[in-house]
Amino acid sequence: MSLATPAASFAATLLVCASLLLPSASMARERIVDLRSGAELSQDALVAAIRSSRYTLLGERHDNPRHHERRGEILRSLGRSVVVAEHLPRGGVVDFATLALDSRDPDALLSALSAAGFDGRNWRWPLPYPLFSAIAASGSRLLGGNLPRDAVRDIARNGVTAAPDDIAREIAAHPLEEGASARLDADLIRGHCNELPATRLPGLRLAQQARDAAMAAALRTSGGSGPALLVAGNGHVRRDYGVPRLLIASPAAAPVLTVGFVEDEAELEAATRDKLYDYVWLTDSPTRADPCAELRGARPAGQ
């Protein structure tokens with residue numbers, strides 16, 4: 001997350017959370033792979049695995065429409081569930097089971113989400129419409145899992161003392177392992193187009209940990225006995241430095257299943273090698289502009 005202009009901030013958030021690379025458009029053979037066995041499986045088989053897990057974390061590249069569509073299909077298959085979203089601040093709630101709303105109406109859906117703290121401009125509405133339409137159509141309970149942007153910025157600038165008490169305790173209780181911390185640092189630097197000053201790296205690492213801690217807490221307190229799901233960027237659902245490690249470390253640990261959504265064979269190979277997820281769903285990538293160009297364009301002249 002950049003602490004510069006709003007445009008730069010959102011571009012960097014996309015880069016870090018969803019691990020965006022340079023402009024690309026690939027035509028991958030879409031498939032789901034179990035990284036533990038290397039076997040391919042059907043969407044129905046993945047849904048069955050999700051039903052048997054207490055927590056399921058579904059990743060995304062924020063700007064890939066296919067990822068929103070495929071996760072929407074999963075949620076429609078599951079039916080009524082509890083869903084925690086990175087896209088809403090914690091404390092935000094939309095109970096679609098009690099809300100008279102036509103999930104096919106993007107404007108009505110956006111209004112309901114906005115009332116719970118969703119920022120349609122920053123999340124490029126209607127790009128995630130297929131995801132949230134499915135959550136609404138299934139009558140699910142949607143919970144915000146993220147920290148407010150101002151709070152994240154404050155933590156990055158002023159350290160852990162700026163974090164809410166429960167988040168500070170979680171970070172202290174579960175420090176990142178050295179290897180995971182190094183990989184997070186590398187992703188943060190790459191996510192800021194290799195222009196991140198070294199002095200800002202510790203603050204941004206801490207901010208990422210704080211957001212993960214907030215999402216983990218939202219899942220633990222989400223209630224219900226069925227599967228609870230998190231929808232968030234791939235960077236938050238990976239097992240080495242994301243939310244899963246916090247859920248697994250909990251005294252009341254329960255089964256956790258993670259699904260990363262990637263766009264090319266190289267990403268699939270890296271996820272397999274580093275055991276980042278339990279499953280990977282490989283899709284096409286959209287044609288996208290160079291995300292680093294937005295950051296460079298937002299930088300004041302002469303810098």
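# Exercises on a predicted model

In this predicted model, pLDDT stays under 50 over residues 1-15, and the model has 45 contacts beyond four places in sequence for them. Residues 18-24 also have pLDDT below 50, with 27 contacts beyond near neighbours in sequence.

## Exercise 1: Confidence

Task: State the mean pLDDT of the protein chain, then decide how to treat residues 1-15.

Solution. Step one: take the whole chain. Its mean pLDDT is 90, and 87% of the residues reach 70 or more. Step two: turn to residues 1-15. Their pLDDT stays under 50. Step three: apply the general rule. Where pLDDT is low, predicted coordinates should not be read in detail.

## Exercise 2: The sheet

Task: Find the strand order of the open sheet and name its edge strands.

Solution. Step one: list the order. Nine strands run S2-S1-S9-S8-S3-S7-S4-S6-S5, with mixed pairing. Step two: look at the ends. Strand S2 (40-41) and strand S5 (93-95) each pair on one side only, which makes them the edge strands. Step three: inspect one pair. S4 and strand S7 (residues 228-231) run parallel and are joined by four bridges. Within this pair, valine 82 stands opposite alanine 228 in S7.

Task: Which strands does helix H5 touch?

Solution. Step one: trace the contacts. H5 packs on the sheet and touches S4, strand S6 (141-146) and S7. Step two: check the angle. The direction of H5 makes about 140° with that of S4.

## Exercise 3: An acid in a strand

Task: Is glutamate 86 buried or exposed, and which side chain does its side chain contact?

Solution. Step one: place the residue. Glutamate 86 sits in strand S4 (residues 82-89). Step two: compare its accessibility with the cut-off. Buried means under 20% relative accessible area. Glutamate 86 has 1%, so glutamate 86 is buried. Step three: find the partner. The side chain of glutamate 86 makes a polar contact with the side chain of arginine 211, at 2.8 Å.

## Exercise 4: The disulfide

Task: How many disulfides are counted, and which cysteines are joined?

Solution. Step one: count. There is one disulfide. Step two: name the pair. Cysteine 193 is joined to cysteine 292, with S to S at 2.1 Å. Step three: locate both ends. Cysteine 193 lies in the loop between helix H8 (178-191) and helix H9 (201-220), while cysteine 292 belongs to helix H13 (residues 291-298). They are 99 residues apart, and the pair links distant parts of the chain. Step four: read the torsion. The link of cysteine 193 and cysteine 292 is left-handed, with -100° about the S-S bond. Step five: check exposure. Cysteine 193 is buried at 12% relative accessible area. Cysteine 292 is buried too, at 9%.

## Exercise 5: Backbone exceptions

Task: Where is the cis peptide bond at proline 126, and what is the phi of arginine 124 and of lysine 275?

Solution. Step one: recall the usual case. Most residues other than glycine have a negative phi, and most peptide bonds are trans. Step two: find the cis bond. It runs from tryptophan 125 to proline 126, with omega near 15°. Proline 126 is in the loop between helix H4 (106-115) and helix H5 (129-137). Step three: take arginine 124. Its phi is positive, near 60°. Arginine 124 is in the loop between H4 and H5 and counts as partly exposed, at 35% relative accessibility. Step four: take lysine 275. Its phi is also positive, near 55°. Lysine 275 lies in the loop between helix H12 (265-274) and strand S9 (279-282). At 64% relative accessible area, lysine 275 is exposed.

Terms used
Residues numbered from 1 in each chain as written. Predicted model: local features only at pLDDT ≥ 70, side-chain atom pairs only at ≥ 80, totals over all residues. Heavy atoms only, no water. Helix = DSSP H or I, 4+ residues; strand = E, 2+ residues; numbered from the N terminus. Buried < 20%, exposed > 50% of the residue type's maximum accessible area, 1.4 Å probe, protein only. Disulfide = S-S within 2.5 Å. Polar contact = N/O pair within 3.5 Å; in protein donor to acceptor, adjacent residues only side chain to side chain. pLDDT = per-residue confidence, 0-100. Contact = heavy atoms within 4.5 Å. Pairing = 2+ DSSP bridges. Axes fitted to C-alpha atoms, helices over the stretch in contact; angles between N-to-C directions.
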